[in-house]
Amino acid sequence: MKGAYLTLPIARLAERWLSEDKDPETRGQIERLLAANDEDTLEKLLRNRIEFGTAGLRARMEAGYSRLNRLTVITASQGLAAYVAKAVEGAQQRGVVVGHDHRHNSAAFARLTARAFLRLGFHVYFYPGLGLTPEVPFAVKRLGAACGVMITASHNPKDDNGYKVYWENGAQICPPVDEAIARSIGENQLMEQESWDEDGVEADPNVEDVTQRMMDAYFDAAAGGLAADREANSRTELRYVYTPMHGVGAPFATRMLAAFGLPPFVPVPEQMNPDPDFPSVAFPNPEEKGALDMAKHVADAQGVGLVLANDPDADRFAAAEKQPDGSWLAFTGDQLGTIFAAAVLAMARRAGISDERVAMVNSTVSSRMLSVMAQAEGFRYADTLTGFKFMANELLALQRQGFFVGFGYEEAIGYMIHDHVLDKDGVTALAVFVQLAAQLHAQGKSVADYLEEQYARYGYFVSANS
């Protein structure tokens with residue numbers, strides 16, 4: 001397909017786009033560029049197709065084959081649906097899970113994705129409202145679906161969006177599946193008028209709104225497997241500030257904390273509601289310098305010593321703690337990984353799971369401290385290539401060998417603490433962290449004290465990120 005017309009002169013390629021695109025906004029963008037004879041911008045937008053990889057699609061939202069827009073979402077969905085129908089036995093009956101976050105166009109992209117699967121006879125498990133990324137892999141696994149699609153760009157800038165794909169096992173796709181899907185997308189470019197129909201998706205008899213059923217199951221699974229002592233949790237005097245960074249996390253965090261029996265957070269009012277323009281932060285990533293400043297100001301004003309955050313789609317988690325000298329310690333991704341690993345091992349022991357049965361993984365770009373912990377304590381450790389797609393599949397392989405799936409993490413503040421979600425899950429991580437902080441608070445300790453205890457036991461490790 002690329003050779004068929006992406007080698008055309010740019011004016012003819014623009015005409016080709018206009019013959020295919022039914023979206024007035026993106027059509028208008030190309031028409032204005034044509035009228036201005038802006039060939040350089042047209043080349044950037046139209047000459048190359050957006051590439052599908054293990055992360056699915058992620059790009060700026062604007063016109064063109066190289067960007068994310070209604071046309072490229074439709075063609076990607078057509079190709080994905082065609083491949084899944086061919087590659088997964090009983091795919092149409094098993095269905096596809098589709099969800100979306102709060103970004104501009106996310107709801108429309110999700111409905112167009114559902115429409116493409118409906119046209120090939122799939123049952124669609126749909127989350128029509130704003131959702132967190134972990135809801136899709138959770139539902140794929142729980143429902144035994146053939147695949148899942150989450151429309152999100154996580155903590156990217158406001159003008160970006162993305163298309164994240166989960167395979168039938170509930171984990172993100174790995175090679176060579178991504179390459180096969182990319183070929184299928186190239187083979188399924190023809191769009192019918194019906195492909196553009198966003199209306200009426202929820203009313204289709206093959207669409208099932210699974211929001212309440214799956215969310216009930218999600219919170220029950222996390223709290224049932226990880227809440228240590230709800231009564232003790234409810235008695236804590238620990239106070240903490242939380243921000244969802246203008247994302248979707250607040251209602252999910254509220255419910256998860258309640259499921260663990262933990263007291264509610266102190267909110268950052270300006271950042272609590274979903275806002276796709278992220279007005280109070282330069283970059284909606286809690287790792288970025290200054291991203292937690294507003295939360296720290298709230299904490300300082302209210303005499304609170306702990307600040308917690310999710311990124312906008314609530315699959316990542318960040319934390320900072322006030323130190324005795326009044327400064328704030330922002331825990332790195334690796335430090336949080338060490339804290340969670342120690343906490344998960346302690347929880348497994350309390351549950352009667354022997355160290356030898358516990359499995360933990362991290363990626364090759366993350367700290368080696370987890371490896372040293374495994375050598376000292378006797379649990380199974382593996383490192384993988386970068387990405388939760390590799391870590392989740394490694395943990396699944398270990399689970400099939402009889403290991404207990406304990407923990408997986410990557411230094412980019414992503415944590416998988418239970419096998420109910422085979423991807424990073426910031427809301428579950430939040431509740432587990434608050435539970436640990438509450439336990440430490442009752443002992444007169446801080447989280448920083450707990451981290452120092454791990455260093456004293458296993459040695460000091462330093463991470464340097466450029």
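1. In this predicted model, S154 has a relative accessibility of 2%, and because buried means under 20%, this serine counts as buried. S154 sits in the loop that joins strand 4 (147-151) to strand 5, and its phi is near 55°, a positive value in a residue that is not glycine.

2. A second loop residue deserves a similar look: H246, placed between strand 7 (241-243) and helix 12 (249-259), also carries a positive phi, here about 65°, without being a glycine. With a relative accessibility of 2%, H246 counts as buried. As background for both points, most residues other than glycine have a negative phi, and most peptide bonds are trans.

3. The backbone should also be checked at P175 and P176, where the peptide bond from the one to the other is cis, with omega near 5°. P176 belongs to the loop between strand 5 (160-166) and helix 9 (177-187).

4. Turning to the interior, the largest nonpolar core contains 95 residues, and F317, F340, Y415 and F433 are those with the most contacts inside it. Helix 17 (residues 426-442) supplies the largest share of this core, namely 11 residues. A second core, separate from that one, has 55 residues, among them L45, A91, A114 and F117.

5. Which residues does F340 contact, leaving aside its neighbours within four places in sequence? The partners of F340 are F317, F407, Y415, I417, A429, V432 and F433, and of these F317, Y415 and F433 are, like F340 itself, among the residues with the most contacts inside the largest core. In soluble globular proteins, nonpolar side chains tend to be buried together.

Definitions and conventions: Residues are numbered from 1 along each chain as its sequence is written. This is a predicted model: local features need pLDDT of at least 70, side-chain atom pairs count only at pLDDT 80 or more; totals for chains, interfaces and linings use all residues. Side-chain values use heavy atoms; hydrogens and water are left out. A nonpolar core is a set of buried Ala, Val, Leu, Ile, Met, Phe, Trp, Tyr and Cys residues joined through side-chain atoms within 4.5 Å. Buried means under 20% relative accessible area, exposed over 50%, partly exposed in between (1.4 Å probe, protein chains only). Helices (H or I, at least four residues) and strands (E, at least two) are DSSP runs, numbered from the N terminus. Contact means heavy atoms within 4.5 Å.
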